[in-house]
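Thank you all for coming. I would like to take you through one model this morning, and I will put it on the screen before I say anything about it.

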Amino acid sequence: MKDEEEPQLMEMATNSKIQEFYTGENRKQIHRQFVRLIQMIRDRDFTNVCQVLTEDCEIHYSTVGHHKGIEPICRILMWPGIAMDIRKAQILNFTARSSGKHAVQTAYLQCVEAKDDGVNVFPFIFGGEYANRLVKEDGIWKFSEIRFDLCYAKGNTIFVKDRWSAYCGHEPMINPDIDNPWRVIPVDDEPQGNEEKIFELLYKYAYAFDHNDYRFMSEFTTDNFYITASFEEAALWSD
């Protein structure tokens, strides 16, 4: 599939399967906005960025640092390496919660950037976590603060050598206490359907586990909750 067709396909998926899954209009729009943001970064095209970011938006990326304002943000988020032949991005564990004109949103992102010489493919694979804040301007949700922590990078990391801060030893941008969406907005303005509640419970678990926040995990697990994993014996978490 050609790269120029991917944004359309991603948007089609957003408007059909994903939009049918979410029951809240705020969540639907915030998901669309996040998809557009990731598309812009992936496609190196920030033409319509004003539809997604506020004028005074701030970004805090473990890879490229702290920046404020649309022009500096677009400049620093532009792909820093050589032109790529393959560009893929996958959004996981999307969560959005709103209260009045304010909202928080988190998600994981997995990306592939690769050179294809016709014989071999040389990939750079990386992923990370987003924790964002949004405000509603004239009925449209826009990002006012974006935080991103690179969680892993492997393969041809030379593509971003001396341009991105390395994963090991990077400055964390996300504080699991301050940026936890369920603590920032304990009560969402929009009720959820049962399917949403089940998926969000899994996302809560992933957030607590990844950030070693077992106190938070105890808020939504039973007293006899346990985890069985192949890399260790069953672990029991309880009060």
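I will go through the strands, then one helix with its aromatic neighbours, then two loop residues, and finally the salt bridges.

Please keep in mind that this is a predicted model, in which local features need pLDDT of at least 70 and side-chain atom pairs count only at pLDDT 80 or more, while totals for chains, interfaces and linings use all residues. Residues are numbered from 1 along each chain as its sequence is written, and side-chain values use heavy atoms, with hydrogens and water left out. When I speak of helices (H or I, at least four residues) and strands (E, at least two), I mean DSSP runs, numbered from the N terminus.

Let me begin with strand 1, residues 53–61, which pairs with strand 6, residues 140–155, in the parallel sense over 5 bridges; two strands are said to pair if DSSP finds at least two bridges between them. In this pairing, E58 stands opposite E145 of strand 6. Strand 1 also pairs with strand 2, residues 65–68, but here the sense is antiparallel and there are 4 bridges. A hairpin of 3 residues makes the connection from strand 1 to strand 2, and H60 has H66 in strand 2 as its bridge partner.

Now to helix 5. It covers residues 194–210, has 17 residues, and reaches 24 Å from its first C-alpha to its last, close to the 24 Å expected at 1.5 Å a residue; the expected span is 1.5 Å times one less than the number of residues. Within helix 5, the buried residues include E196, E200, Y203 and Y207, where buried means under 20% relative accessible area, exposed means over 50%, and partly exposed lies in between, with a 1.4 Å probe and protein chains only. After helix 5 comes N212, which has a positive phi, near 55°.

Which aromatic ring pairs with Y207? Before I answer, the rule: rings of Phe, Tyr and Trp (its six-membered ring) pair if their centres lie within 6.5 Å, and planes under 30 degrees apart count as stacked, over 60 as edge-to-face and the rest as tilted. A search of the whole structure finds 18 aromatic pairs. In one of them, Y207 meets F216 edge-to-face, at 6.5 Å centre to centre and with 85° between the planes. Y207 has 3% relative accessibility and therefore counts as buried, and F216, at 2%, also counts as buried. F216 pairs in turn with F220, and because their planes are at 70°, with the centres 5.2 Å apart, this pair too is edge-to-face. F220 is buried as well. Elsewhere, F34, Y61, F94, Y130, F143 and F148 form one aromatic cluster.

Next, two loop residues that deserve a look at the backbone. D138 is not a glycine, yet its phi is positive, about 55°, and D138 sits in the loop between strand 5, residues 121–137, and strand 6. With a relative accessible area of 83%, D138 is exposed. D162, again not a glycine, has a positive phi of about 65°, and D162 lies in the loop between strand 6 and helix 4, residues 181–184. At 70% relative accessibility, D162 counts as exposed.

Finally, the charged side chains. I count a salt bridge when a side-chain nitrogen of Lys or Arg is within 4 Å of a carboxyl oxygen of Asp or Glu, and a search of the whole structure finds 16 of them. One of these joins E25 to K28, with the closest N and O atoms 3.5 Å apart. E25 and K28 are 3 residues apart in helix 2, residues 25–43, so about one helical turn separates them. E25, at 51% relative accessibility, counts as exposed, whereas K28, at 17%, counts as buried.

A further salt bridge runs between K115 and D85, the closest N and O atoms again being 3.5 Å apart. This pair links distant parts of the chain, since K115 is in strand 4, residues 102–116, and D85 is in the loop between helix 3 (70–77) and strand 3 (86–99), 30 residues apart. K115, with a relative accessible area of 26%, is partly exposed, and D85, at 36%, counts as partly exposed too. Lastly, salt bridges that share partners join R27, D188, E190 and E196 into one network, and E196 is one of the buried residues of helix 5 that I named earlier.
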